[in-house]
Amino acid sequence: MNKTVEVLPDQPALVARALELILSKLNSAIEQQGRFTIALSGGSTPKPLYEAIATQKLPWDKIHIFWGDERYVPPDHPDSNELMTRRAWLDRIDIPAANIHPVPTLEANPELAAAKYEQHLKEFFNSSGVEFPALDVVLLGMGDDAHTASLFPHTEALKVRDRLVTVGNKDGNPRISFTYPFINSARSVIFLVAGANKRPALAQVFAPVADDFTYPSRLIQPQGELWWLLDAAAGLELQH
Ligand SMILES: O=C1O[C@H](COP(=O)(O)O)[C@@H](O)[C@H](O)[C@H]1O
């Protein structure tokens, strides 16, 4: 694993750096493979990044969008990560509908939704099931409890190692989430973290020794590149 930590002066600088990094991964992937695959995060931090990506002139037909986690709500629900992304980015560009791969949240139950999304991912990547497929980029956020995607502290989802997608649990509410081994199979994982409220969790995630089940972001140790992009408020004590 190749880990890089960057602390940017403020949120606009954080967004600019994330945009630059994603565009560089995108250009290399399209040059080498003819397509770029990215899984997106939800929450509030990435919204300005999505708005910035929407202003770029890009070969949208070669870009495939997935989500690393989703609330188990219909796609038009205000809490939906897909809805936020569509409003900030996807509704503003000319991307083929087939290149957008939302989590199917209208299934009979969350377990079926997770199984269906996993099947879709395996078919898209033509995966035999032996090895986990590798997305070019998995974009992640981190909550102030150190959760990432919908992998929350002390939940069953953290024990799932043989699936691509599982059901997370946020205070009793189901969410659909990539598992940590699937996230770790990505070519690049990029964390985008902003705000002073994330500082205590970050200290534990970066500590040499701490409990992975209490601080789930510690489980993200990808085979490829790991990027932590932090604003100064979040990264104050990590600056070196
Ligand atoms: O619950 C969630 O929160 C995290 C972090 O969100 P933020 O609002 O602090 O940026 C996010 O990464 C995750 O996708 C989302 O479901």
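This is a short dialogue about reading helices, burial, backbone angles and a ligand shell in a predicted model.

Trainee: Before we start, what should I know about the model and its numbering?

Mentor: The model is predicted, so local features need pLDDT of at least 70 and side-chain atom pairs count only at pLDDT 80 or more, while totals for chains, interfaces and linings use all residues. Residues are numbered from 1 along each chain as its sequence is written.

Trainee: Which feature does UniProt place at residues 10–228?

Mentor: The unreviewed UniProt entry puts "domain: Glucosamine/galactosamine-6-phosphate isomerase" there. UniProt positions follow the numbering used here, feature names are shortened, and annotations may be inferred rather than shown by experiment. Over residues 10–228 the chain is 31% helix and 19% strand, with the end C-alpha atoms 14 Å apart. Helices (H or I, at least four residues) and strands (E, at least two) are DSSP runs, numbered from the N terminus.

Trainee: How do I check a helix's length, say for α1?

Mentor: The expected span is 1.5 Å times one less than the number of residues. Helix α1 (residues 11–33) has 23 residues and should span 33 Å; its end C-alpha atoms are 32 Å apart, which agrees. Right after α1 comes Gly34, with a positive phi near 80°.

Trainee: And which residues of α4 are buried?

Mentor: A residue is buried if 20 or more other C-beta atoms lie within 10 Å of its own, exposed if 12 or fewer, and partly exposed in between, with C-beta atoms placed from the backbone. An α-helix has 3.6 residues a turn, so residues three or four places apart point the same way. In α4 the buried ones are Ala113, Ala114, Tyr117 and Leu121. Looking down the axis of α4, these buried residues fall within an arc of 100° (taken from the directions from the helix axis to the C-beta atoms), so they line one face of the helix. Leu112 and Glu123, on the other side of α4, are exposed. The cover over the buried residues of α4 includes β7 (165–170) and β8 (173–178).

Trainee: Where does Asp136 sit, and is Asp136 buried or exposed?

Mentor: Asp136 is in the loop between α4 (110–124) and β6 (137–140). Asp136 counts as buried because 23 other C-beta atoms lie within 10 Å. Two residues are in contact if their C-beta atoms, placed from the backbone, lie within 7 Å. Leaving aside neighbours within four places in sequence, the contacts of Asp136 include Lys25, Phe36 and Arg187. Asp136 and Arg35 are 101 residues apart in sequence, yet 9.3 Å apart in space, C-alpha to C-alpha.

Trainee: What about phi in Ala149 and His154?

Mentor: Most residues other than glycine have a negative phi. Here Ala149 has a positive phi of about 45°, and His154 has a positive one near 55°. Ala149 is in the loop between β6 and β7, and so is His154. Ala149 is buried, with 30 other C-beta atoms within 10 Å, whereas His154 is exposed, with 11.

Trainee: Which residues surround the ligand?

Mentor: A residue is near a molecule if its C-beta atom, placed from the backbone, lies within 6 Å of it. The shell includes Ser41, Thr45, Asp69, Leu140, Met142 and Ala149. By class, it has three nonpolar, eight polar and one charged residues. Ala, Val, Leu, Ile, Met, Phe, Trp, Tyr, Cys and Pro count as nonpolar, Asp, Glu, Lys and Arg as charged, and the others, Gly among them, as polar.
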